[in-house]
Amino acid sequence: MQWTKVLGLGLGAAALLGLGIILGHFAIPKKANSPAPSDLDLELLETVMGQLDAHRIRENLRELSREPHLASSPRDEDLVQLLLQRWKDPESGLDSAEAFTYEVLLSFPSQEQPNVVDIAMTLPPPPTVGPTGDIIHSCHRTEENVTGEQGGPDVVQPYAAYAPSGTPQGLLVYANRGTEEDFKELQTQGIKLEGTIALTRYGGVGRGAKAVNAAKHGVAGVLVYTDPADINDGLSLPNETFPNSWYLPPSGVERGSYYKYFGDPLTPYLPAIPSSFRLDLANVSGFPPIPTQPIVCSLGCPAHNLNGTLAPATWQGALGCPYMLGPGFRPDGDFSADSQVNVSVYNRLELRNSSNVLGIIRGAVEPDRYVLYGNHRDSWVHGAVDPSSGTAVLLELSRVLGTLLKKGTWRPRRSIVFASWGAEEFGLIGSTEFTEEFFNKLQERTVAYINVDIAVFANATLRVQGTPPVQSVVFSATKEIRSPGPGDLSIYDNWIRYFNRSSPVYGLVPSLGSLGAGSDYAPFIHFLGISSMDIAYTYDRSKTSARIYPTYHTAFDTFDYVDKFLDPGFSSHQAVARTAGSIILRLSDSFFLPLKVSDYSETLRSFLQAAQQDLGALLEQHSISLGPLVTAVEKFEAAAAALGQRISALQKGSPDPLQVRMLNDQLMLLERTFLNPRAFPEERYYSHVLWATRTGSVATFPGLSNACSRARDTASGSEAWAEVQRQLSIVVTALEGAAATLRPVADL
């Protein structure tokens, strides 16, 4: 009887086990029938490189730039649906795709009352211009319709986003680039700035900073223009410009955001979702303090008629006339000497819905580790270059990887997330809201962020900006891809011809630029501390002095502009797709993450040497020692070198996957150790102590450089030098924390 009970229990257990297996079989989500990768598959990598199609990228760009797609516009929403459709395609789609919508504060010009800049012959009381024929000249409000694409109803008139409305009137002064030094120079020349209208050119400082600097000196309004000397190599005649060349036509006007910060203005540090607290408009900071308007300056520009003394030689441009400082107009010019400039701005703020679109390929082995690849979607007008060149590449790369995924021949080791950000042009809004909403998840799980905003500025060479750990993977990828054009150079070999530096470790290598805040990588590196990079093809700087591609943010940035002048044949777009694709696969499939943290040692050593050479004696005078900083840098160098040796030793054997995972986490998390959210309380989102904005002249740790610069300029002294000591301590603590992160995980 006893054995029958045992048998019964055994049969019951077996039945339960069998039922569990059956339920488990149907309950667990199925993955594609593909082997989990043990390491980067070079054959698959070669397949992906061969399948990235220049013609498909070209057709993507044609569709994306067919109509203007300002953030939150109907066409912008159409592109959201296009991305969702592509990423849900049964033959080439991804595992999942979803749109995340935020309600954000955007700025638009009034359609009923267009912004205008007039010259009035008499001196009526501000703020209005007299109604009886006093206006003697009106500046061009829109760009000339040279290709039939500049006159459509969806082409937004040039404006300064987030500039306040108002109708200031005053004498015109020329303020060069609108820097603080420029306005001080005008005061040195004896020019009274109170109540004037300042004419400034793009460049030198950010757009919004021009108005901030002007307002400090009592200026009532700011005009901004694009000088042909800065963007057109001095050329400005119609037959010298688009559609006859890549240069900006005489009527071109650069639109842009003049907001100081990034992210939704009403919800700093919070996602712009219904449950979040929103600031009252009266408490929002970062908007220009005075009315500001971009204008055409190559056609009937008032600068041709200014009175006063001759501007300094470095202030002269290429408008075909001597640049005078003002104030006011010369008696023998086109306008009477007592004429004033009236700036009428009618911008309005609106809450609008803007969406990010995310497409995900789940990792087979480490689905909780993310490789992010992003590009923004919105543009000021047609945006063929900015940003649609990047979106065209994004769509082609996701198509090729999605096809392999759907065929069941490949699934990455780690998850890949493709992102199309909304409302970037207004201040990196979509990407910032994403990082705010998923802050902890992204900080814990993200391996790296790859940004491709403008994929192709021109077709000469690659240009990459990034943090030091990504240098190695970028170099490895570019050495294996052929460069466009004649000859048989790799992208790496072609790149080194245009941008290079001498490394004490590697010799002559391509120069990797540092990351500022010009695109969607900013919240990832400055706010989250995620190793990031920005990839593009660009022009030969020995052949042009253009500060950026000439039709930037204008109605002339169209498909034909790209097709005829920037990248005929789209081979440079294809090169960017291959570079980004190779980097994605190396980061998502490699057993050991290809992030080389020891490459940070060069940066830290150069920062230290600059501090010693340029600040050492000054700091000694105030009893501040760089000794702790020297020790901290040495600790980091030793820890990074030792970690590299441990990785090399493990690569030669058959390491335990968990041990590799721990090492990879050390590589991934290093960047986070450089964050200190209290280091720069005056700078919103900036917390990376190595890459925050540097205003000091010494190329060292930005907090230290900035604090020393302020202390030298401060008469009171003690508090300013205490801040220098604080910033030094912040850097030392960060470096020691970084070294501790790199040491064996069992060590404290």
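This is a chat about the fold, salt bridges, buried residues and backbone of a predicted model.

Student: Start with the fold. How many helices and strands does the chain have?

Tutor: The secondary structure comes to 20 helices and 19 strands. This is a predicted model, so the values are computed from its atoms.

Student: How does the radius of gyration compare with the globule rule?

Tutor: The radius of gyration is 28 Å, and the rule gives 27 Å for 748 residues. The two are close, so the chain is as compact as a globular protein of that length.

Student: And what does the C-alpha trace span?

Tutor: About 120 × 65 × 60 Å along the principal axes.

Student: What share of the residues is buried?

Tutor: Buried residues make up 58% of the 748 in the chain.

Student: Which part of the contacts comes from residues 24 or more positions apart?

Tutor: Such pairs account for 79% of the contacts with a separation of 6 or more.

Student: Now the surface. How much area does the chain expose?

Tutor: About 29,700 Å². Carbon and sulfur atoms supply 54% of that exposed area.

Student: What about charges? How far apart are the mean positions of the positive and negative ones?

Tutor: They are 6 Å apart, taken over 60 positive and 78 negative charges.

Student: Then salt bridges. How many are there?

Tutor: The structure holds 29.

Student: Give me one. What does Arg207 pair with?

Tutor: Glu254. Their side chains meet at 3.4 Å, N to O.

Student: Why does that pair tie together separate parts of the chain?

Tutor: Arg207 lies in helix 6 (residues 207-216), while Glu254 is in the loop between helix 7 (228-231) and strand 9 (256-257), so the pair joins parts that are 47 residues apart in sequence.

Student: Are those two buried or exposed?

Tutor: Arg207 counts as buried, at 18% relative accessibility. Glu254 is buried as well, at 3%.

Student: Where does Arg369 make a salt bridge?

Tutor: With Asp665, at 3.2 Å, N to O. Arg369 sits in strand 13 (residues 366-376) and Asp665 in helix 18 (residues 657-669), so to speak distant parts of the chain, 296 residues apart.

Student: Buried or exposed, for Arg369 and Asp665?

Tutor: Arg369 is buried at 9% relative accessibility. Asp665 is buried at 18%.

Student: Which residues are in the network with them?

Tutor: Arg369 and Asp665 are linked by salt bridges in a network with Glu366, Asp368, Arg413, Arg414 and Arg661.

Student: What about Arg66 and Glu67? How far apart are the charged atoms?

Tutor: Their side chains meet in a salt bridge at 2.9 Å, N to O. Arg66 is partly exposed, with a relative accessible area of 43%. Glu67 is partly exposed too, at 27%.

Student: Back to helix 18. What does Asn664 touch?

Tutor: Asn664 lies in that helix. Leaving aside neighbours within four places in sequence, Asn664 contacts Arg414, Phe591, Phe592 and Leu593. Its relative accessible area is 3%, so Asn664 is buried.

Student: Now helix 11. Which of its residues are buried?

Tutor: In helix 11 (residues 471-479), they are Gln471, Val473, Val474, Phe475, Ala477 and Thr478.

Student: What do those buried residues pack against?

Tutor: Three strands near in numbering are on the list: strand 16 (461-466), strand 17 (500-503) and strand 18 (507-510). Strand 19 (532-538), helix 12 (491-498) and helix 15 (571-589) are there too.

Student: Switch to the backbone. Which peptide bonds are cis?

Tutor: One runs from Gly326 to Pro327, with omega near 5°. Another joins Asp386 and Pro387, where omega is about 10°.

Student: Where do the two prolines sit?

Tutor: Pro327 is in the loop between strand 10 (292-294) and strand 11 (340-344). Pro387 is in the loop between strand 13 and helix 8 (388-407).

Student: Why point those out?

Tutor: Because most peptide bonds are trans, and most residues other than glycine have a negative phi.

Student: Which residues have a positive phi, then?

Tutor: Tyr162 is one of them, with phi near 75°. Leu428 has phi near 50°.

Student: Where are they, and are they buried or exposed?

Tutor: Tyr162 is in the loop between strand 4 (160-161) and strand 5 (169-170), and is buried at 2% relative accessibility. Leu428 is in the loop between strand 14 (414-421) and helix 9 (429-437), and is buried at 5%.

Terms used: Residues are numbered from 1 along each chain as its sequence is written. This is a predicted model: local features need pLDDT of at least 70, side-chain atom pairs count only at pLDDT 80 or more; totals for chains, interfaces and linings use all residues. Side-chain values use heavy atoms; hydrogens and water are left out. A salt bridge is a side-chain nitrogen of Lys or Arg within 4 Å of a carboxyl oxygen of Asp or Glu. Buried means under 20% relative accessible area, exposed over 50%, partly exposed in between (1.4 Å probe, protein chains only). Helices (H or I, at least four residues) and strands (E, at least two) are DSSP runs, numbered from the N terminus. The radius of gyration is taken over C-alpha atoms; the globule rule is 2.2 Å times the number of residues to the power 0.38. Contact means heavy atoms within 4.5 Å. Accessible areas come from the Shrake-Rupley method with a 1.4 Å probe; for residues, only the protein chains shown count as cover. Lys and Arg count as positive and Asp and Glu as negative; His and the chain ends are not counted. The place of a charge is taken as NZ of Lys, CZ of Arg, CG of Asp or CD of Glu.
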